[in-house]
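Here are my notes on this model, written as numbered points. Have the coordinates open while you go through them.

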Amino acid sequence: MQRLRCAHCNDLFTPAPQVPKQTYCSKPNCQKERRKQWQKNRLQSDPDYRANQSRAQKAWTEKNPDYWRELRQTGPDYGNSDPAEQDFLGRELLQASIKMDSLTEPQNLKKALFDGVFRIKVLAEPRNVKMDVWIVELSSIHAGYSPILDSSRDD
């Protein structure tokens with residue numbers, strides 16, 4: 001059988017005969033990336049899937065209204081600027097596996113973020129998170145730019 005290059009790690013692998021269009025090898029990180037790309041594509045192309053994910057996220061948020069507040073109270077020192085010294089997930093959370101991003105847009109988002117140019121500094125990638133989740137620092141470089149019109153965004 002012909003060997004192929006993995007789309008994620010670029011290593012050679014022998015595809016499974018049952019999967020003729022296989023593009024990722026069987027390494028855990030490559031399979032994680034494959035699932036992440038599948039979900040990203042599905043969210044962009046399938047409105048029913050997007051609506052189901054949104055409903056599931058809303059239901060989880062309603063069942064766990066104090067999750068983030070409790071995490072902030074019992075969690076790490078977020079003021080610590082050295083990511084190596086920060087423990088973003090408590091021991092009890094390490095046992096669970098976070099499967100989805102759980103960001104819901106706050107009511108006052110437009111007030112919280114003013115127009116301008118910002119620098120994003122990635123502080124850490126939390127452990128046991130199965131999607132792209134980063135802890136970032138957002139700092140303003142220049143305020144006062146005109147807002148980005150929805151028609152010009154690359155969402």
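1. Glutamine 31 first. This residue of the predicted model sits in helix H1, which covers residues 28-45. Is glutamine 31 buried or exposed? Its relative accessible area is 18%, and the cut-off for buried is under 20%, so glutamine 31 counts as buried. Setting aside the neighbours within four places in sequence, glutamine 31 has contacts with Tyr24, Cys25 and Ser26.

2. On to how H1 meets H2. A packed pair of helices is described by the angle between the axes and the distance between them. For H1 and H2 the angle is about 105°, and the axes are 6 Å apart. Angles of 65 to 115 degrees count as roughly perpendicular, and therefore H1 and H2 are roughly perpendicular to each other. On the H1 side, the contact is made by Trp38, Gln39, Arg42, Leu43, Gln44 and Ser45. H2 contributes Pro47, Tyr49, Arg50 and Gln53.

3. A quick check on H2 itself, residues 47-63. What span should its 17 residues have at 1.5 Å a residue? The expected value is 24 Å, and the end C-alpha atoms are 24 Å apart, so the two agree. The N-terminal end of H2 also has a cap: aspartate 46 places a side-chain oxygen 3.0 Å from the backbone nitrogen of aspartate 48.

4. Next, threonine 74, which belongs to helix H3 (residues 67-74). Its relative accessibility is 63%, and exposed means over 50%, so threonine 74 counts as exposed. What does the side chain of threonine 74 reach? The partner is the backbone oxygen of glutamate 70, at 2.8 Å. As background, an α-helix has 3.6 residues a turn, so residues three or four places apart point the same way.

5. Now the whole chain. The secondary structure consists of five helices and four strands. In sequence order the pattern is β-β-α-α-α-α-α-β-β, so you can place H1, H2 and H3 among the helices by DSSP numbering from the N terminus.

6. Last, the chain-wide numbers. Of the 155 residues in the chain, 17% are buried, and glutamine 31 is one of the buried residues. The exposed area of the chain is about 12700 Å², with carbon and sulfur atoms supplying 51% of it. Among contacts with a separation of 6 or more, 37% are between residues 24 or more positions apart.

Notes: Residues are numbered from 1 along each chain as its sequence is written. This is a predicted model: local features need pLDDT of at least 70, side-chain atom pairs count only at pLDDT 80 or more; totals for chains, interfaces and linings use all residues. Side-chain values use heavy atoms; hydrogens and water are left out. Helices (H or I, at least four residues) and strands (E, at least two) are DSSP runs, numbered from the N terminus. Buried means under 20% relative accessible area, exposed over 50%, partly exposed in between (1.4 Å probe, protein chains only). Contact means heavy atoms within 4.5 Å. Accessible areas come from the Shrake-Rupley method with a 1.4 Å probe; for residues, only the protein chains shown count as cover. The expected span of a helix is 1.5 Å times one less than its number of residues. A polar contact is a pair of N or O atoms within 3.5 Å; within protein, one must be able to donate a hydrogen and the other to accept it, and residues adjacent in sequence count only if both atoms are side-chain atoms. Axes are lines fitted to C-alpha atoms, for helices over the stretch in contact, and angles run from 0 to 180 degrees between N-to-C directions. Angles under 35 degrees count as roughly parallel, over 145 as roughly antiparallel, 65 to 115 as roughly perpendicular and the rest as oblique.
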